[in-house]
Amino acid sequence: MKSEMRAGLERSKSAIRRYEMTVRVGVVDYGAGNIANVIRAFESQGINATLTTSSYSLDNFSHLVLPGVGAFNYGIENLRNRNLADELLDLVAKERPVLGICLGMQLFAQSGYENGPSVGLGLLEGVVDHLRALGELEPQGKIPHTGWSSLQPTDGSPVSRVSVPRTAYFNHSYFLAGARTSQVIATTSFGGFSIPAVVKSGSLLATQFHPEKSGEEGLKFL
């Protein structure tokens, strides 16, 4: 029995080593990302993360991250001008794991209203609108939504193996409105309203919060 247990343990260790060798994270730089913190967060977990700016290089990575800080219209314009948009959509269609963070999440929506209407990448149902569109906010609903907030996993989450943080760090003035319920993994409360915090569509996983700034639980999520 002990020899079987030792053999099983060695097989598990071998599988982990193979996984670590094959994981190559590409962090997409499109001129609107919180690049340095994201790369440091992965590296702190022993995961190789490399900055990439070329659409031709995206297919070289096993996992991709689209971070983001800034305005929707600027971000989507940069993605398209750098020929990154179509390649990202193609890789998600091929079930390549992609993580969108904050603005990176919002750009996968159908459209956004920041600085005028813009067409998004269309993988997530809903539109990106200002938090004022929620209605009359409770006093604590100060915009931008900045700081730590609790997360509430949804019932029947489509990704049970995703360990959603109990609390996470947010910094945003826009949110995903009209999201499809089946795509929402977790929500957070803002000004008395529930808004999407983690969403998923196919191999795309996206967060409104910043996991790279969300302490140990955020790093575990990554």
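**Exercise 1. The second largest pocket**

How much space lies in the second largest pocket? Work that out for this predicted model, then describe the lining.

*Solution.*
- Step 1: start with the volume. The second largest pocket holds about 170 Å³ of space.
- Step 2: look at who sits around the middle. The lining has 13 residues, and the closest to the pocket's centre are G70, C102, N171, H172 and S173.
- Step 3: map the lining onto secondary structure. The elements giving two or more residues to it are α5 (103-106) and β9 (167-172).
- Step 4: sort the lining by class. You get 4 nonpolar, 7 polar and 2 charged residues.

**Exercise 2. The setting of T52**

Decide whether T52 is buried or exposed, and find which side chain its own side chain meets in a polar contact.

*Solution.*
- Step 1: place the residue. T52 belongs to strand β2, which covers residues 49-52.
- Step 2: check accessibility against the cut-off. Buried means under 20% relative accessible area; T52 has 4%, so it counts as buried.
- Step 3: look for a polar partner. The T52 side chain makes a polar contact with the side chain of S57, at 2.3 Å.
- Step 4: list the neighbours. Leaving out residues up to four places away in sequence, T52 touches G26, V27, V28, D29, S57, L58 and F61. S57 thus turns up both as a polar partner and in this contact list.

**Exercise 3. Two hairpins in a row**

Follow the chain from β11 through β12 to β13. How many bridges join β11 to β12, and how many join β12 to β13?

*Solution.*
- Step 1: take β11 (residues 184-190) and β12 (residues 193-201). They run antiparallel and are joined by 6 bridges. In this pairing S189 stands opposite S194.
- Step 2: check the turn. β11 and β12 form a hairpin with 2 residues between them, and G191 in the turn has a positive phi of about 60°.
- Step 3: move on to β12 and β13 (residues 204-207). This pair is antiparallel too, with 4 bridges, and S201 stands opposite L204.
- Step 4: inspect the second turn. Here again 2 residues lie between the strands, and G202 takes a positive phi near 60°.

**Exercise 4. A loop residue by the first turn**

Which residues does E138 touch, once those up to four places away in sequence are set aside?

*Solution.*
- Step 1: locate E138. It's in the loop between β7 (124-130) and β8 (145-153).
- Step 2: classify it. Partly exposed covers the range between the 20% and 50% cut-offs; with a relative accessible area of 40%, E138 is therefore partly exposed.
- Step 3: read off the contacts. E138 touches G191 and G192, and G191 is in the turn of the β11 and β12 hairpin.
- Step 4: add a distance. The C-alpha atoms of E138 and F190 are separated by 8.3 Å, although the two are 52 residues apart along the chain.
- Step 5: finish with the side chain, which makes a polar contact with the side chain of Q140 at 2.7 Å.

**Exercise 5. A mixed sheet**

What is the strand order in the open sheet of 4 strands, and which strands are at its edges?

*Solution.*
- Step 1: write the order, β6-β5-β7-β10, with mixed pairing.
- Step 2: find the edges. β6 (118-119) and β10 (174-177) each pair on one side only, making them the edge strands.
- Step 3: examine one pair. β5 (residues 109-112) and β7 are parallel over 3 bridges, with A109 opposite L124.

Conventions
Residues are numbered from 1 along each chain as its sequence is written. This is a predicted model: local features need pLDDT of at least 70, side-chain atom pairs count only at pLDDT 80 or more; totals for chains, interfaces and linings use all residues. Side-chain values use heavy atoms; hydrogens and water are left out. On a 1 Å grid over the protein atoms alone, a cavity is a set of points where a 1.4 Å probe fits but cannot get out, and a pocket is an open set with protein on both sides within 12 Å along at least five of seven lines; lining residues have an atom within 4 Å of a point. Grid points are joined across faces, edges and corners, and a volume is the space filled by probe spheres set on the points. Ala, Val, Leu, Ile, Met, Phe, Trp, Tyr, Cys and Pro count as nonpolar, Asp, Glu, Lys and Arg as charged, and the others, Gly among them, as polar. Buried means under 20% relative accessible area, exposed over 50%, partly exposed in between (1.4 Å probe, protein chains only). A polar contact is a pair of N or O atoms within 3.5 Å; within protein, one must be able to donate a hydrogen and the other to accept it, and residues adjacent in sequence count only if both atoms are side-chain atoms. Contact means heavy atoms within 4.5 Å. Two strands pair if DSSP finds at least two bridges between them.
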